[in-house]
Amino acid sequence: MKKRIAILGSTGSIGTQALDVIRHNRDKYEVVALSCGTQEDLLRKQIEEFHPQAFCVGGDAKQIKEIATMPEADIVLNSLMGMRGLEPTLAAIEAGKDIAFANKETLVVGGELVMEAVKRKGVKLLPVDSEHSAIFQALQGNEGNPIKRIILTASGGPFRGYTREQLEQVTLAQALKHPNWSMGSKITIDSASMMNKGLEIIEAKWLFDVPLEKIQVVVHPQSVLHSAVEYEDGSVIGQMGNPDMRVPIGYAFSYPERLELTGDTGVESLDLFSLKEGLSFYPADDKVFKTIALARQASEMGGSYPVVLNGANEMLVDLFLHEKIRFIDIQDTLEKIMNEHKPVFNLSLEGVLEEDRKIRDYVRKLVEG
């Protein structure tokens, strides 16, 4: 039987690549629902090609939750951007849906709520981020073996090796040019500031139930090793491949089996002999890129700190994209906000949403002032 898939965020980078995987595997998958924000023309083309039973346009939370919980869906791909992925994720889990997960912010702000619901409902949470998919794959067959270390790789973005003074001169055009990956604008800026890696540390903590001190960020400019796990016997098991998001998307859809993606789908096989300069690895500079340390700090302190970190970052990235603040202002303002924040603990879903609303109002007033 075909696996029936609902896609939240079908016109974004992850959504369009997911549809490409489905396009080349129509005997295995069926699209039952699509949602998009503003790209109605592209959504219309997707509807004409895949004939979903339902679709929605815009950010209406009620309609998105209806898409995420429709009985016809077996698995929900959540590729929504930012905080707004939390409510439909929880709703889909409560409806018994497996989740293909490309919305890291949901675990950052609501990790405890999400993982409790996953355990209670017995559904699968299948990572789509390339790094977390690599870790997930490295864990297969090693159930019960203690993890010594998770090696979370980072490309380093376009500003690897920059000093603080150089970051002060970064332009929007420079920040939007990622050296390896083709992504949406928000995640591209997060990659440039290294906030993306900070959020991924928190995501890995929740997904794989490991303490923060066992998660090491390693800068790997070639983006060939997507992440790895070290076990107690010293064995390091990782997943390698060319940077192509269709691979982790396909694995989330087909788990525990694998799809043929290097044929008609167009994923290129990794040619090891082409890596003439080899593979290189460097420590992450969290003194220049403070976002990594801020994310660790937020996760360690818990409560409302991760909500504040994420909400403030989303606001600041949007302001930078509209050229209202400088690139360096993202991390400087985040540091100021985190130092001043008075935390709230034991947050419900409503509490998370309220803390998120308050921090966004605060950032808006702060920048306007």
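# Salt bridges, core and sheets in a predicted model

Guide: In this predicted model, a salt bridge joins the side chains of Arg 246 and Asp 20, at 2.8 Å from N to O.

Visitor: Which helices hold Arg 246 and Asp 20, and how far apart in sequence are they?

Guide: Arg 246 belongs to helix 11 (residues 246–254) and Asp 20 to helix 1 (residues 13–23). The two parts are 226 residues apart in sequence, so the pair ties together distant positions in numbering.

Visitor: Is Arg 246 buried or exposed? And what about Asp 20: buried or exposed?

Guide: Arg 246 has a relative accessibility of 13%, so it counts as buried. Asp 20 is buried as well, at 15%.

Visitor: Which residues are joined with Asp 20 and Arg 246 in one network?

Guide: Let me give another pair before the network. Glu 314 and Arg 360 form a salt bridge through their side chains, 2.7 Å from N to O. Both Glu 314 and Arg 360 are buried. As for the network, shared salt-bridge partners connect Asp 20 and Arg 246 with Arg 23, Arg 26, Glu 49 and Asp 244.

Visitor: Where do Glu 314 and Arg 360 sit?

Guide: Glu 314 is in helix 13 and Arg 360 in helix 15 (residues 349–368), with their positions 46 residues apart in the numbering.

Visitor: How many salt bridges does the structure hold?

Guide: The count is 30 salt bridges. One of them pairs Arg 164 with Asp 332, whose closest N and O atoms are 2.7 Å apart.

Visitor: Which parts does the pair of Arg 164 and Asp 332 tie together?

Guide: Helix 7 (residues 164–167) contains Arg 164, and helix 14 (residues 327–340) contains Asp 332, so the pair ties together parts 168 residues apart in sequence. Arg 164 is partly exposed, with a relative accessible area of 26%. Asp 332 is partly exposed too, at 22%.

Visitor: New topic. Which residues touch the most other members of the largest nonpolar core?

Guide: That core has 111 residues, and those touching the most other members are Ile 22, Val 128, Phe 208, Phe 253, Leu 309, Phe 327 and Ile 330. Helix 13 (residues 305–321) supplies the largest share of this core, ten residues.

Visitor: What is Val 128 in contact with, leaving aside its neighbours within four places in sequence?

Guide: Val 128 is in contact with Ile 14, Leu 77, Ala 100, Phe 101, Ala 102, Met 245, Pro 248, Ile 249 and Ala 252.

Visitor: Now the open sheet. What order do its six strands have?

Guide: The order is 3-2-1-4-5-6, with parallel pairing. Strand 3 (54–57) and strand 6 (125–127) each have a single partner strand, so each edge strand has one side without a neighbour in the sheet. On average, neighbouring strands are turned by 20° against each other, direction ignored.

Visitor: How many bridges join strand 1 to strand 2?

Guide: Six bridges join strand 1 (residues 3–8) to strand 2 (residues 29–36), and the two run parallel. Ile 7 is opposite Leu 34 of strand 2.

Visitor: Which strands does helix 3 lie across?

Guide: Helix 3 (residues 61–69) lies across strand 1, strand 2, strand 3 and strand 4 (75–78), at about 155° to strand 3.

Visitor: What do strand 9 and strand 10 form?

Guide: Strand 9 and strand 10 make a hairpin with four residues between them, and Gly 234 in the turn has a positive phi of about 90°. Five bridges join strand 9 (residues 225–231) to strand 10 (residues 236–240) in an antiparallel arrangement. Val 229 has Ile 237 as its bridge partner in strand 10.

Note on methods
Residues are numbered from 1 along each chain as its sequence is written. This is a predicted model: local features need pLDDT of at least 70, side-chain atom pairs count only at pLDDT 80 or more; totals for chains, interfaces and linings use all residues. Side-chain values use heavy atoms; hydrogens and water are left out. A nonpolar core is a set of buried Ala, Val, Leu, Ile, Met, Phe, Trp, Tyr and Cys residues joined through side-chain atoms within 4.5 Å. Buried means under 20% relative accessible area, exposed over 50%, partly exposed in between (1.4 Å probe, protein chains only). Contact means heavy atoms within 4.5 Å. Two strands pair if DSSP finds at least two bridges between them. Axes are lines fitted to C-alpha atoms, for helices over the stretch in contact, and angles run from 0 to 180 degrees between N-to-C directions. A salt bridge is a side-chain nitrogen of Lys or Arg within 4 Å of a carboxyl oxygen of Asp or Glu.
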